[in-house]
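Trainee: I would be grateful for a close look at a single part of this protein. Please keep to one helix and explain how its residues are placed.

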Amino acid sequence: MPKSLWLLVIGMMVNVTGASFLWPLNTIYLHENLGKSLSVAGIVLMMNAGASVIGNLIGGTLFDRFGGYRSILLGISITLSALIGMNIWHGFSYYVVFLIVVGFGSGIVFPSMYAMAGSVWPEGGRKAFNSVYVAQNIGVAVGAALGGFVASFSFNYIFIANLSMYIVFFFIAFFGYRNITVAGHTSVLNESKVIRDKSKLKALLFICAAYLLCWMGYVQWQSTIATYTQEINISLKQYSLLWTINGALIVLAQPLLSKAIKRFENNLKLQIMIGTIIFMISFGVASIADQFQWFAIAMIILTIGEMLIWPAVPTIANSLAPKGREGFYQGIVNSTATGGRMIGPFIGGVLVDVFSMQVLFMTLIAFFIVSLLITSQYDRPLKKKSAVPVSVQQ
């Protein structure tokens, strides 16, 4: 990998490590410490994710206009201001405001990181995005493992740890990303022609619709399932251990995964469909789990599925993006994931509050079935385009 990609990977790892001190415990903190219902907690997380969606779209556009360095520093600065406030002022109202600002600031950062990764190593293809994905999950493993331990002493220490890691990330970005040159990147403002071919954008929106449903299910592990584990006497440390298993497996299983994925090198659609089926199996196991061991098995199965799906979607977006629109397309992908994190906790909280966990699990499996069907059809706009004679395309 190029040196510039290593810098992006290290920065992403530090960024996500800091964030992972907090995000797996958000619902628990809102429910247990601040005394709010799951529905209210879902609404708060929805606002956080909604701000992140806006940040993703703005961040992708800023990348296309001003480059990754300025965009990333802006996002980090916004997030830092909120994290400082979170360490000073406590209480539900303050927490909501700061969580929204954190969502917006961090949302600006992610599409630029992915767009830069794809641009600095274009010949790497999926490997560039997989490297960033692995870095994220190292951060998840370390942050979640330490987060549960730190929170057992005081949640205030969680806020301090999150802020400290983000300060480190700021310095990595400030000194490390300044001289990163993005190969072949052209600002969309310098593109004189209007992009008339909408088939690739339509294909991206199709795959993002399936991606949204997958994230709506996945995020339940951070919200409703997190609270459910507490109700059946699974400790906070054990719950955090589930995310450590998730991150560690993603890192350690890379050699085996690389061999398996070679079979899907030219068929990312099949890779995503298989991952979605694995998601269904995972939630089927979770629906009957009543002990930590079963949740651990469900998490292992879930991790295998996400290893197939999560890196594949930004890879597809990068291949579909017209020159000068890489940031915008990655912004759409990141906004979709964030949208799932926004809608998922609210829908999950309402389903559990009104019905039961079993109804939630059945609903999520239905979502995955719909996602599977959408994925199977996502490339139809591209096939239609390729079937049109050249003389007609002009």
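Mentor: What follows is an account of one helix, H16, with the basis of the values given beforehand.

This is a predicted model, in which local features need pLDDT of at least 70 and side-chain atom pairs count only at pLDDT 80 or more, while totals for chains, interfaces and linings use all residues. Residues are numbered from 1 along each chain as its sequence is written, and side-chain values use heavy atoms, with hydrogens and water left out.

Helix H16 comprises residues 357–377, 21 residues in total; helices (H or I, at least four residues) are DSSP runs, numbered from the N terminus. From its first C-alpha to its last, H16 reaches 31 Å, close to the 30 Å expected at 1.5 Å a residue. That expected span is 1.5 Å times one less than the number of residues.

The buried residues of H16 are Met-357, Leu-360, Phe-361, Leu-364, Phe-367, Phe-368, Ser-371, Leu-372 and Thr-375. They lie on the same side of H16 because they cover an arc of only 145 degrees around the axis, the arc being that of the directions from the helix axis to the C-beta atoms. Here buried means under 20% relative accessible area, exposed over 50%, and partly exposed in between (1.4 Å probe, protein chains only).

On the face turned away from the buried side, H16 carries the exposed residues Met-362 and Leu-373. The cover over the buried residues of H16 includes helix H8 (199–218), H9, helix H12 (268–287) and helix H15 (326–354), where contact means heavy atoms within 4.5 Å. Of these, H9 spans 224–231.

Notes:
Helix = DSSP H or I, 4+ residues; strand = E, 2+ residues; numbered from the N terminus.
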